[in-house]
Amino acid sequence: MVRAGLCIGCGACAGLAAPGQAEMGFDEDGLLRPRADPDWMASGPPGFTSICPFSPRAADEDRIAAREFPRAPRHAASVGRYESAWVGHAAEGDFRLRGSSGGLVSWVACELLDKGLVDAVVHVVPCEQPRQEGRFFAYRISRSVGEVREGAQSRYHPIELSEVLRVIAREPGGYAVVGIPCFIKAVQLLRRNDPVYRERIVHTLGLFCGHMKSAAFTESLAVQIGVPIDQVQAVEYRHKAEGRPANWYSTRMRLQDGSPRTGDWWHMADGDWGAGFFMAPACNFCDDVVAETADVSFGDAWVEPHSSDWRGTNVMLVRSPVIGGLVERALAEGRLALEEVDDRYVADTQAAGLRQRREGLAWRLARRRGLVP
């Protein structure tokens, strides 16, 4: 899988390895890859072909969703199975202002924790010492609402699940996992194949995804802002500014001396996401834009009038009756500001990504056959 360019670096395989047997590390392109002795790399952990999200022998998104959400009343080729679809934002507190978009990801994660439906949330947070840790962001297990809220905002940087999967395996409890589509698929495949993960991972929160960036993307932004990457302490990829449309991204970096540096994406060579700079090769062979296997998934409402609203607006696909109940109650209480929509509306908000992943994928598959046995 690694040699074929189909490893996305999720870390599911390394998370199942015996202690000290395998670890995740960056390759020369700034992408995370498993590292182990040649024998382990030849076969991976037991059942590897059933748990790798890009394995041709693993269940695909349609089969996983049919098993996980058999009663979902709606289905569309663009977004898969779902119970309800919404556009809007979190109305209570400062969830919306603290998030990159409408604040719904953090809101749902905190609601699950607050209502006792999970004991912990597995999500991505900034690393406190990026130089020592060798990365700017990593997965963490948070057990309080305050900790969960530290994970707000988008992270366009490689991360992996191996260490948190090891913690889940040894520490009982109910966990909610937040991740991009291929990571959520890996989690669902683990749940399908291992009763411990099945019991402990009780909710999955998916993020709409255009593609995974390598670590070189962050370095490129730093160069164009005019700062050496080794002086960057923290990165905010989508800084919100009042009066500035939500889709006019700007990146803010905090240096080690505490001073900020800001750059406008539209003035950067790789600021057009659709150009695919620093994209992981595996993303060329994925057709899941909206995290079809997650209990609930979230994206940006890239249609007007929402694109111009600097505060940010989410689209949300609900597939779990439990999360659907949370949303309906909070909507009635005025804690969420949502309008129900359909799959065509959601697909329109992600039109460019769907073209690249569906129409483009058909062309790429016609050109590249026999990637793996």
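Which residues line the second largest cavity? Select Ile-8, Pro-181, Cys-182, Cys-209, Cys-283, Cys-286, Asp-288 and Arg-357 to show them. The model on screen is predicted. The enclosed space at this stop is about 50 Å³. Sorted by class, the residues around the second largest cavity are six nonpolar and two charged, with no polar ones.

**Next stop: the largest cavity**

The search over the whole structure returns two cavities of 30 Å³ or more. For the largest cavity the volume is about 80 Å³. Select Ser-100 and Trp-310, then add Arg-238, His-239, Lys-240, Ala-241, Arg-244, Pro-245, Ala-246, Trp-248 and Tyr-249; together they form the lining. The class count for this lining is six nonpolar, two polar and three charged residues.

**Colour by domain**

Give one colour to domain 1, which covers 2-213 + 279-367, and another to domain 2, which covers 215-275. If you place a marker at the C-alpha centre of each domain, the distance between the markers is 23 Å.

**The interface between the domains**

Now show the residues where the two domains touch: 32 from domain 1 are in contact with 24 from domain 2. How much area is buried between domain 1 and domain 2? The value is about 2300 Å², and carbon and sulfur atoms give 57% of this area. Polar contacts between domain 1 and domain 2 join 16 residue pairs, counting those with both residues at pLDDT 80 or more.

How many salt bridges does the rule find across the interface of domain 1 and domain 2? It finds one.

**Last stop: Arg-238**

Keep Arg-238 selected and add Asp-300. Their side chains meet in a salt bridge, with an N to O distance of 2.8 Å. Arg-238 has already appeared on this tour, as one of the residues that line the largest cavity.

Methods:
Residues are numbered from 1 along each chain as its sequence is written. This is a predicted model: local features need pLDDT of at least 70, side-chain atom pairs count only at pLDDT 80 or more; totals for chains, interfaces and linings use all residues. Side-chain values use heavy atoms; hydrogens and water are left out. On a 1 Å grid over the protein atoms alone, a cavity is a set of points where a 1.4 Å probe fits but cannot get out, and a pocket is an open set with protein on both sides within 12 Å along at least five of seven lines; lining residues have an atom within 4 Å of a point. Grid points are joined across faces, edges and corners, and a volume is the space filled by probe spheres set on the points. Ala, Val, Leu, Ile, Met, Phe, Trp, Tyr, Cys and Pro count as nonpolar, Asp, Glu, Lys and Arg as charged, and the others, Gly among them, as polar. Domain bounds come from an automatic or database domain assignment. Contact means heavy atoms within 4.5 Å. Buried area is the accessible area (1.4 Å probe) that two parts lose on being put together, summed over both. A salt bridge is a side-chain nitrogen of Lys or Arg within 4 Å of a carboxyl oxygen of Asp or Glu. A polar contact is a pair of N or O atoms within 3.5 Å; within protein, one must be able to donate a hydrogen and the other to accept it, and residues adjacent in sequence count only if both atoms are side-chain atoms.
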